[in-house]
Amino acid sequence: MMLCLHYCVTLIIFVWSVVDGRSLAPFDVRIDHHKVDTTRDLIINTPRPGFSWKIPFSDNISQQRNIQQIAYQIQLESIKLTDRDTLYRWNSERVASSQSTHVQYTGQADLLPSTYYRLRIRVWTTNSAEASEWTKWIQFRTPIFNLHNYITQNANLTWIGSTKINMNELRKEFNVPNTSPVKSAIVYMTGVGYYEFYLNGKNVDPSRKLDPGWTTYEKRTLLASYDVTANITTGMNAVGVKLGNGWYAHEQGGNGPPRLVFTLFVTFQNGDDMRVLSDLTWTGREGSIKHDSVYNGEFCDSRSNRAGWSQAGFNDSLSAWITPESLSSPAGDSGLLVLQDMPPIRAGEDALHFEVTNDNQQHNYLTTEDIGEIKGASLTAGVVIQPVSSWSSESGVHTFDLGQNIAGWCRLRFLGPPGYGTYIRHGESLVQGTVGNNQPTKNIYTENLREAVASDTYILHGDPVFEIYEPTFTYHGFRYISVYGSPNPLALDDVECPFVHSETTLKGNFTSSNPIINQIQHNVQWGQLSNSMSLPTDCPQRNERRGWMGDAALTVNEALYNFDLVKFYLNFLNLICDVQLPDGQVPDFVPGSSYNPDPNWGTALPTIAWQVYRHTNDSSLLEPYYDNVRAYVEYIRKGYNQTGLVNLFCKYGDWVPPPPFGQTNRALISSFAFLHDVNILLNMSQVLRKTSDTAIYSAFYEQLTQEFHRVFFNNATNTYADGMQAAQVLALALPGVVPPNVRGVVVDNLVTDISKQGNHVTTGIVSNAQIYPVLSDNGYHDLALEVVTSITYPSYGYMFNNPYENATTIWELWNAPLTGPGMNSRNHHMYSTVGTWFYTHLAGIDFTSDAIIIRPRMASEAKKHLMKKLDCQLSTLYGLVHVSYTRDERDTIANSILLRVTIPPNAQARIMFEPLFPGAQCKTLIEGNKIIWSSGVTIANNQEFQIEKDLTTNLLSVHVGSGQYEFHAVWN
């Protein structure tokens with residue numbers, strides 16, 4: 001590459017201070033990838049955790065640039081609870097280092113199990129001669145590190161339940177003596193399939209739902225831990241647990257009845273302790289939930305509710321509470337019992353936290369008018385959704401439209417006599433009208449649910465004021481609900497529906513002046529959350545909802561740009577490794593046993609491991625999975641050794657391309673996944689410095705690239721395979737496959753076919769994930785924008801611009817209203833891959849190990865109406881990256897761009913400016929009203945920037961440190 005370098009003075013230090021001369025304390029501390037600010041009971045399940053923090057700007061952000069950390073200090077100490085405890089302190093002292101992410105605890109002694117600790121952090125930076133303020137003391141606790149041994153080797157602890165009755169409520173009373181103050185009370189427990197935990201009459205964590213996370217129970221069963229110190233009193237106490245079938249029992253599991261294991265460890269100030277264990281001194285009965293099923297819903301007879309059932313002194317003259325049975329562990333003799341080390345599923349406002357928002361207009365060129373109307377609920381206001389409309393049939397069926405497809409359930413307010421039954425049905429869409437009438441009927445469509453009944457039945461107990469029904473151990477995917485036989489007329493405010501998903505934080509927000517793209521982004525985010533249910537499911541509504549590996553692999557990059565799901569995906573990697581066979585193969589879905597995986601499904605193991613590393617830059621997260629990834633790649637290689645690429649095994653291929661188009665050469669599709677995974681393994685070996693493997697897989701990958709071209713390239717047509725879009729896209733997406741001398745003609749043939757189809761794709765889920773970046777990276781960004789903003793079939797825009805229904809999540813099929821019902825979800829995330837391209841290409845945010853890359857791909861001047869303005873916020877481990885630009889001639893002149901960028905403290909960035917039309921040269925680059933680059937002129941005055949011009953592509957690159965910048969680039 002030919003570079004023209006312009007060197008400037010590299011650093012200007014702005015010294016600022018607060019009243020006492022100290023800079024602000026670090027913020028947003030994370031311990032072992034747990035976000036401290038949003039974790040109620042912080043449990044760190046490792047004796048040597050890593051710490052990350054962010055460095056704040058002061059209030060006057062515009063005057064602060066190039067802030068770098070030069071040192072840090074961490075103080076950690078144990079919290080003494082009892083008279084017998086000894087105090088442990090660790091002080092890192094001042095460590096000269098710029099590292100602010102994944103800083104490892106280096107104390108001489110490991111952290112002890114079952115211990116409370118607290119820590120605080122301060123830093124020194126280039127913007128102050130003084131140390132910063134300390135963070136507040138951050139408290140956390142360690143669990144029993146070997147929880148499996150503790151559970152399995154305790155002879156007095158047993159799993160309890162019943163094979164004789166539907167025992168789904170269990171209780172136990174116990175006495176806490178007052179001889180010494182209670183200093184801690186810690187619970188370890190689980191109930192499979194699901195449980196809810198009550199103590200002294202109160203639900204201990206009311207928003208926590210559908211717990212524990214779904215696993216291959218015989219391999220791994222998850223337990224939770226609760227700090228209930230504040231819930232325990234001296235004297236008599238009572239614990240109550242509700243059990244549900246979940247994925248363990250009956251329809252979904254068939255493993256036997258639900259069961260509970262429970263231990264409460266109470267510690268007193270004098271050092272004494274007591275334990276309450278699940279054993280045969282508990283009593284149980286069938287509660288008000290007469291049946292529950294993930295797929296089929298819940299039957300609840302509230303007349304069986306018993307007030308005070310989880311309180312001490314409870315007496316029930318109407319029910320038979322009997323002794324439970326001792327049952328076997330769901331993990332058997334060889335499985336693991338481990339702490340659930342990821343955020344739980346939650347309902348409502350506790351499920352989603354925010355590091356970015358879409359209502360902050362500061363440093364943003366976009367206006368409300370630019371953004372346009374977005375169909376559906378806002379994430380910032382949509383944690384609990386109320387219907388937008390309703391209607392009633394002559395037979396008295398009340399139907400409600402939420403205006404948004406979600407995963408969850410509804411709370412309904414009823415008023416009626418005891419014994420009155422009502423039935424709630426859920427659906428994603430309405431029944432289409434008759435032939436010649438595109439208008440939908442007023443009846444909800446349920447055929448695409450297949451065998452899932454997805455309905456709840458509620459029997460009133462007759463509260464004279466009103467009563468609220470909310471399901472406990474099921475969830476639905478729906479936009480519409482129909483209520484049959486309500487005892488009272490239902491108004492809109494009698495219905496509210498919490499959005500339910502694994503707890504996470506919104507870390508990415510992408511908005512533009514193109515309403516089509518904004519709606520796609522909305523649908524991507526809502527669909528991703530709807531399918532985050534302790535593991536990445538395919539859909540939330542029908543009798544499936546499985547952890548399909550192909551879907552998970554395709555969307556993990558998009559998901560990690562939008563949400564903080566690191567722990568979520570690490571858990572899923574563990575689930576994959578749990579069921580990996582000795583020969584390296586994994587199933588197509590997890591939990592599951594569909595072995596001999598399609599390579600584009602098995603790729604979830606290497607792909608997720610690599611993307612988690614990319615988004616965290618934490619190599620310690622790669623190491624535990626390296627051998628598993630290598631074993632999987634070698635498993636595929638064994639098949640390859642028998643068939644070569646030309647006949648490589650394929651099961652699903654480039655799934656569901658838009659009719660009438662079929663799939664391209666299926667061996668090529670599988671070969672794409674194989675080469676992709678070998679390349680990932682090669683990259684992992686380089687990061688982990690496994691030099692022998694690097695040499696092996698470098699040579700192997702080179703061999704495969706040559707073979708791919710040799711066996712799939714058609715010299716007569718200058719296309720791969722049959723010339724379909726998918727074949728060209730997959731070849732172009734693989735590094736080193738397409739030789740330079742034919743790359744141009746392959747791209748041209750791809751573009752010709754897209755134009756032939758009226759600027760539409762013919763791609764299935766695998767190639768669709770690659771087509772937009774391939775076009776943008778090969779000189780056809782305009783075409784990529786035209787394709788993605790199409791509103792005619794097949795397109796994303798068609799999903800919400802058609803005569804039948806308006807999507808608020810991503811469909812499973814391009815032609816959903818016109819096909820089915822067997823496989824026709826309206827809330828599927830496998831096509832959400834375009835969301836990655838929004839961040840990596842439209843906003844242009846990407847990562848290297850030492851810098852943030854900002855390279856927004858630009859529509860040509862003639863096509864800039866497709867993307868005049870853009871605003872993107874991305875919360876990184878260093879802080880907020882903000883990219884906003886306008887090319888609107890009401891804001892700037894023709895052939896120019898105004899670009900605002902915020903880079904967080906302690907980060908470096910490379911900002912790249914693309915030519916706005918073919919052959920364009922950057923005339924001037926202005927920042928802060930000063931010319932920092934002028935074509936053909938040497939600028940002598942002191943500046944903060946190093947600027948490079950690529951004389952081949954005319955790309956202009958500016959290297960910056962942290963700060964807030966506004967650039968004006970003019971091209972001629």
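**Briefing: overall fold, β38 pairing and the His968 site**

The side chain of His968 makes a polar contact (a pair of N or O atoms within 3.5 Å, one able to donate a hydrogen and the other to accept it) with the side chain of Ser896, at 3.4 Å. This is a predicted model, in which local features need pLDDT of at least 70, side-chain atom pairs count only at pLDDT 80 or more, and totals for chains, interfaces and linings use all residues. Residues are numbered from 1 along each chain as its sequence is written, and side-chain values use heavy atoms, without hydrogens and water.

**His968**
- His968 lies in strand β54, residues 963-971.
- A further polar contact links the side chains of His968 and Thr892, at 2.9 Å.
- Leaving aside residues up to four places away in sequence, His968 touches (heavy atoms within 4.5 Å) Thr892, Ile893, Ser896, Ile897, Leu898, Thr924, Leu925 and Ile926.

**Strand β38**
- Strand β38 (residues 495-498) runs antiparallel to β28 (residues 384-385), joined by two bridges; at least two DSSP bridges are required for pairing.
- Within this pairing, Val384 has Pro498 as its bridge partner.
- Strand β31 (residues 411-414) is also antiparallel to β38, with two bridges, and Arg411 is partnered by Glu496.

**Whole chain**
- The chain has 15 helices and 54 strands, assigned as DSSP runs (helices H or I, at least four residues; strands E, at least two).
- Of its 972 residues, 63% count as buried, meaning under 20% relative accessible area with a 1.4 Å probe, protein chains only.
- The C-alpha atoms fill a box of roughly 90 × 75 × 60 Å along the principal axes.

Conventions: Buried means under 20% relative accessible area, exposed over 50%, partly exposed in between (1.4 Å probe, protein chains only).
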